[in-house]
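Welcome, and thanks for taking a look at this one with us. Please keep the sequence and the 3D view side by side as you read the notes below.

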Amino acid sequence: MRHIISMLLENEAGALARVAGLFSARGYNIESLTVAPTEDPSLSRLTLVTSGNDEIIEQITKQLNKLIDVVKLVDLTEGAHIEREMMLVKVRAAESEARAELKRLVDIFRGRIIDVTERTYTIEMTGTGDKLDAFIDAVGRRAILEVVRTGVSGIARGEKALRL
């Protein structure tokens, strides 16, 4: 099962490497990882997506909590949460019919065209991974020149917050 684990960790050199090292040392896969400083410059928020059964996820969270850099940790998939991912995609758009169709698809998926050349559009889109995958399928893989995705960012719904 897919899990989104979000944690606060010390904003220090090597902290991210120790988290990633924990996963590689035990043979666990990180599907996506995002990290950035929080409103407190001494802390970073790291969000990672991994897969495993309940026993594996429990083992991962116990091991992460043992790391000195990890201040607080929560498995967002245990409760109501919001997750988003951003994607930049560069597509072929040489013919006027193709350009009009791409513009229509971008509007349907609530994206934005952020760069236009004679032969390409660069599109920005935010949403769940399923939405981004659906856009790629709708455009068609042959039209796509390049795709960049951020990985999942997530936050608990309602009053629940990952804070000290």
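The largest nonpolar core holds 17 residues, and the members that touch the most others are Met 87, Val 89, Val 91, Ile 123, Met 125, Phe 135 and Val 139. Two or more residues each come from β5 (81-92), α3 (96-108), β7 (120-127) and α4 (129-139). Of these, α4 supplies the largest share, with 4 residues. Please bear in mind that this is a predicted model.

**The nonpolar cores**

- Besides the core just described, there is a second, separate one of 15 residues, with Leu 22, Ile 57, Ile 60 and Val 70 among them.
- Ile 123 is a good place to start in the largest core, as one of the residues that touch the most other members.
- Leaving aside residues up to four places away in sequence, Ile 123 is in contact with Met 87, Leu 88, Val 89, Val 91, Val 106, Arg 112, Ile 113 and Phe 135.
- As general background, nonpolar side chains in soluble globular proteins tend to be buried together.

**The four-stranded sheet**

- In what order do the 4 strands of the open sheet run? The order is β2-β3-β1-β4, and the pairing is antiparallel.
- Because β2 and β4 each have a single partner strand, they stand at the edges, and one side of each is left without a neighbour in the sheet.
- On average, neighbouring strands of this sheet are turned by 15° against each other, direction ignored.
- Strand β1 (residues 2-10) has 7 of its 9 residues buried, so the rest of the structure largely encloses this strand.
- On one pairing, β1 runs antiparallel to β3 (residues 43-51), joined by 9 bridges; here Ser 6 stands opposite Thr 47 of β3.
- On the other pairing, 5 bridges link β1 to β4 (residues 70-75), again antiparallel, and Leu 9 stands opposite Val 70 of β4.
- That residue, Val 70, is also included in the second core.
- Strands β2 and β3 pair in the antiparallel sense over 6 bridges and form a hairpin with 5 residues between them.
- Within the β2 and β3 pairing, Val 35 has Leu 46 of β3 as its bridge partner.

**A closer look at Thr 34**

- Thr 34 belongs to strand β2 (residues 32-37), and its bridge partner in β3 is Thr 47.
- Is Thr 34 buried or exposed? Its relative accessibility is 15%, so Thr 34 counts as buried, the limit for buried being under 20%.
- A polar atom of the Thr 34 side chain lies 3.2 Å from the backbone oxygen of Val 152.
- Beyond residues up to four places away in sequence, Thr 34 touches Arg 45, Leu 46 and Thr 47, together with Thr 150, Gly 151, Val 152 and Ser 153.

**Gln 63 on helix α2**

- Gln 63 is found in helix α2 (residues 54-66).
- With a relative accessible area of 14%, Gln 63 is buried.
- Which residues does Gln 63 touch, not counting those up to four places away in sequence? They are Leu 22 and Arg 26; of this pair, Leu 22 is included in the second core.
- Between Gln 63 and Gly 154 there is a separation of 91 residues in sequence and of 21 Å in space, C-alpha to C-alpha.

How values were computed
Residues numbered from 1 in each chain as written. Predicted model: local features only at pLDDT ≥ 70, side-chain atom pairs only at ≥ 80, totals over all residues. Heavy atoms only, no water. Buried < 20%, exposed > 50% of the residue type's maximum accessible area, 1.4 Å probe, protein only. Pairing = 2+ DSSP bridges. Polar contact = N/O pair within 3.5 Å; in protein donor to acceptor, adjacent residues only side chain to side chain. Contact = heavy atoms within 4.5 Å. Axes fitted to C-alpha atoms, helices over the stretch in contact; angles between N-to-C directions. Core = buried A, V, L, I, M, F, W, Y, C linked by side-chain atoms within 4.5 Å.
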